[in-house]
Each structure stands twice: as C-alpha cells, then as structure tokens.
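Me: Could you walk me through some helices of this protein model?

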Amino acid sequence: MASTTAQGMFSLQVLGAVAQLERALIAERTRAGLLAARSRGRIGGNPGLRARDPEAIRKIRKSRDAAYLNTVLAQVDAWLPTVRRMRPDQPWGDVVRVLNRGQATLAHHAPGRIWTVERLRRTVHRLVAEGLADCTLLGRAPPQRSDDRLVRLVAGIKTAAPGHTLQQIATQLEAMRERTPRGGTRWHPSSVRHLLIRAERLGLLLT
C-alpha cells in the first residue's frame, strides 16, 4: 500500500501510535518494577559503585575505555588519514573544520559525530598511546604564512574527500569562511586548482 494515499498515511499514523504506546507501556512497567524492587529493599545499579569500591570503579572505567577505543577503531579510516595529512603542519582547529565539513557530505563518516579540538586531540593521544598513530601528530603547529596555510588546508580537504570536484572544494572553503589568497570571499575552481598544484609539488597529495 502506497504511503502517499490517504489510507496509506492513516496506516502509518496508526503504526506510529501503536509503537509510541508500546514504548510508554515498557517505560511504565520498568518504573513499576523499580518501585517494587525498592519496596523489597533492593536498589538498582552496581553495588560496588554505590559502595565506592575502587576495584569496581576500575573495572567500570576499563570497560568504558575499551568500548570507546572500539568505537574509535571502527571509524578510524574515515578521519585519521586527514589528520595524518594535516598534522602537525596545521593547527588542530583547521583539522577539525575539515573533518566536520567533510562529514556533512561524505556518507562513510559516522553519522552524528561532531569533532571538537579537545575530542580530536584526546582521541589522537589515545591512538598514539596504543601505538596506532605516530607521536609526531601531537607536535605543535608552526607559525604559517597565509598562502602556506591555504595550500595545506586545501590538501586536507582533498584528502578527506578525494572525489570532490574543484567547485565542491571551493564551496566548502566558502562555507568555512576562508578567504582567498587575494583576500576575497568568493572562491573559484581555478584558485583551488592552483593551490592543489602547489600541494602536489610539496608532496601533500597522493599521486
């Protein structure tokens, strides 16, 4: 039955109402179960954590740490190549901007993940500690001339999204509020091409 017909739309609304009712009933049963357990003197949660047991706290932290690392490793191919290409030559802020702009257009990025400088630095620190990334990524970014920074920034965007056209990169630079080498706000594909050529000569792009 097509969902665009009146009968189809009504069926979808009914199914949605049933699903919402089921969620409400589950929540109600859960609350009732917790109240019944408390009346019998049972308290939910981890007894070790309630007692501030150091061993229990250590196990919980270890479990959460392992889960975090697994999440990072599952997504690492989507963002680490960009970090390797841009760091430590460019500041963390530029790397974050490239990754977040790339996420909006690349389907293989983890949905909903928005990087911050602190989160990215902490994650890279963790990979370095595990021997999965080079410690040079954590180095301090050197002062840069405006032109050099743009070359590396465009190289980072191209690395994050190899299939992007010159126009798409230009559009992304405008969305990031980057100024052109001449100080303008409107990017043209030819300007992007010149920067990519320089990036390739500097070995910043994979040939």
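Reply: Happy to; below are a few questions and answers on its helices.

This is a predicted model, where local features need pLDDT of at least 70, side-chain atom pairs count only at pLDDT 80 or more, and totals for chains, interfaces and linings use all residues. Residues are numbered from 1 along each chain as its sequence is written, and side-chain values use heavy atoms, with hydrogens and water left out.

Me: What span should helix H5 have at 1.5 Å a residue?

Reply: Helices are DSSP runs (H or I, at least four residues), numbered from the N terminus. The expected span is 1.5 Å times one less than the number of residues. H5 has 13 residues (117–129), and its end C-alpha atoms lie at a distance that agrees with the expected 18 Å.

Me: Is Thr123 buried or exposed?

Reply: Thr123 sits in helix H5 and touches Tyr68, Val72, Trp79 and Trp115, leaving aside residues up to four places away in sequence; contact means heavy atoms within 4.5 Å. Buried means under 20% relative accessible area, exposed over 50%, partly exposed in between (1.4 Å probe, protein chains only). Because its relative accessibility is 1%, Thr123 counts as buried.

Me: How are H7 and H8 oriented to each other?

Reply: Helix H7 (residues 166–175) and helix H8 (residues 189–201) pack at about 95°, with axes 8 Å apart. Axes are lines fitted to C-alpha atoms over the stretch in contact, and angles run from 0 to 180 degrees between N-to-C directions. Angles under 35 degrees count as roughly parallel, over 145 as roughly antiparallel, 65 to 115 as roughly perpendicular and the rest as oblique. H7 and H8 are therefore roughly perpendicular.

Note on methods: Helices (H or I, at least four residues) and strands (E, at least two) are DSSP runs, numbered from the N terminus.
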